[in-house]
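Me: I want to know what stands behind the labels. Take me through them one by one, please.

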Amino acid sequence: MSKLFWRLLITAGAAVGTFLLTSVLNEDDGNIWQWTASIVIGSATLIVQYLVDFGERFEKVDRRFAQIIAATELFSQVDGSVLRSEEVTRLVLGYTKVREQGGDITQAFAEKELGRLAKMMEGLGGGSANCPGENHEWLIDLTDCVKMTLDATSTSVDREFWTSGPAARYLAAQEKAIKRRGVEIRRLFIVRTEDEVTPELRALCDDQRRRGIDARIAVRTLMESHPRVSDFIVFDSELCHETKPDQENNPDSTLLSAEPDHIEDHITQFADLWAEAERQQTTEPEPEPVTSET
């Protein structure tokens, strides 16, 4: 009704304006020309308004069709991909319900989480994704997905992690992967000097061995090249999870990389470090036998 009112008002204004203008310009021709011109201009004004309105509606319909086509193409790609289309459908339906029923803060949180997921998917599609700090959920979810091998290094950057709650969940997921899927897990604890091989570190290795993890210790100063090693995990030789330290050697960011060169470099690095750990283990002096005094 508001649009119709304004259309009629504009049309009447154009007609009256035309009538007054033609009256001034053609004072001796009577009122026929004025009325004719007013009706023609008024009608033309009304038609133009409807044409503009039709154009706007057509543009909206065109955009809607474009969105429908894009959505159709998207779901057709999902149906043909490794991703299960029902999970994508659940995501869309869940987000729609939040938009319809959730409060402001719930909607804002949902949008933030959806944005974070979209960013990660875009990153993985390009070969890598990262996030600030440590991402324990990535770590545990990847462990639940691994099928064959998990090769990991552990340095002083994440040493405190092993006494945390997420570490317990992480080790439980690894133990399940070993028992249920036959996953081979190797972990190399790397220290700088022999003094850092503490009883607590040896106890940590023993605990992980009882879970089925092949855990070993390597000392950097005993290596020929003294390599600089980061905290990384290679899952199934396909995906690398790497923790980047800050200037104070605390976890600063987490990187996921599926780039072939990056994966190959870390596979080679782990193989060299593992061989060095084996060499150090074989050259380690045997403890002196305890003799009883007579």
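Me: Which residues touch the most other members of the largest nonpolar core?
Reply: Leu 150, Trp 162, Tyr 170, Phe 189, Ile 217 and Ile 233, out of 34 residues in that core. The model is predicted: local features need pLDDT of at least 70, side-chain atom pairs count only at pLDDT 80 or more, and totals for chains, interfaces and linings use all residues. Residues are numbered from 1 along each chain as its sequence is written, and side-chain values use heavy atoms, without hydrogens and water.

Me: What makes a set of residues a nonpolar core?
Reply: Its members are buried Ala, Val, Leu, Ile, Met, Phe, Trp, Tyr and Cys residues, joined through side-chain atoms within 4.5 Å. Buried means under 20% relative accessible area, exposed over 50%, partly exposed in between (1.4 Å probe, protein chains only).

Me: Which helix gives the most to the largest core?
Reply: Helix 6, with six residues. Helices (H or I, at least four residues) and strands (E, at least two) are DSSP runs, numbered from the N terminus. A second, separate core has 13 residues, including Ala 218 and Val 234.

Me: Why is Gln 280 called buried?
Reply: Its relative accessible area is 9%. The limit is under 20%, so Gln 280 counts as buried. Gln 280 sits in helix 8 (residues 260-283). Beyond its neighbours within four places in sequence, Gln 280 is in contact (heavy atoms within 4.5 Å) with Ile 217, Ala 218, Val 219, Leu 222 and Met 223.

Me: Why is Leu 117 called partly exposed?
Reply: Its value is 31%. That lies between 20% and 50%, so the label is partly exposed. Leu 117 belongs to helix 4 (residues 104-126).

Me: What makes Leu 117 eligible for a surface patch?
Reply: Patch residues need over 30% relative accessible area and no salt bridge; nonpolar side chains (Val, Leu, Ile, Met, Phe, Trp, Tyr) are joined within 5 Å, like charges within 9 Å. A salt bridge is a side-chain nitrogen of Lys or Arg within 4 Å of a carboxyl oxygen of Asp or Glu. At 31%, Leu 117 passes the area limit. With Leu 91 and Met 121 it makes a nonpolar patch of about 240 Å².

Me: How do you know that strand 3 and strand 4 pair?
Reply: Pairing takes at least two DSSP bridges. Strand 3 and strand 4 have six, so they pair, and they run parallel. Arg 187 has Ala 215 of strand 4 as bridge partner.

Me: Why is strand 4 called mostly covered?
Reply: Five of its six residues are buried.

How values were computed: Accessible areas come from the Shrake-Rupley method with a 1.4 Å probe; for residues, only the protein chains shown count as cover.
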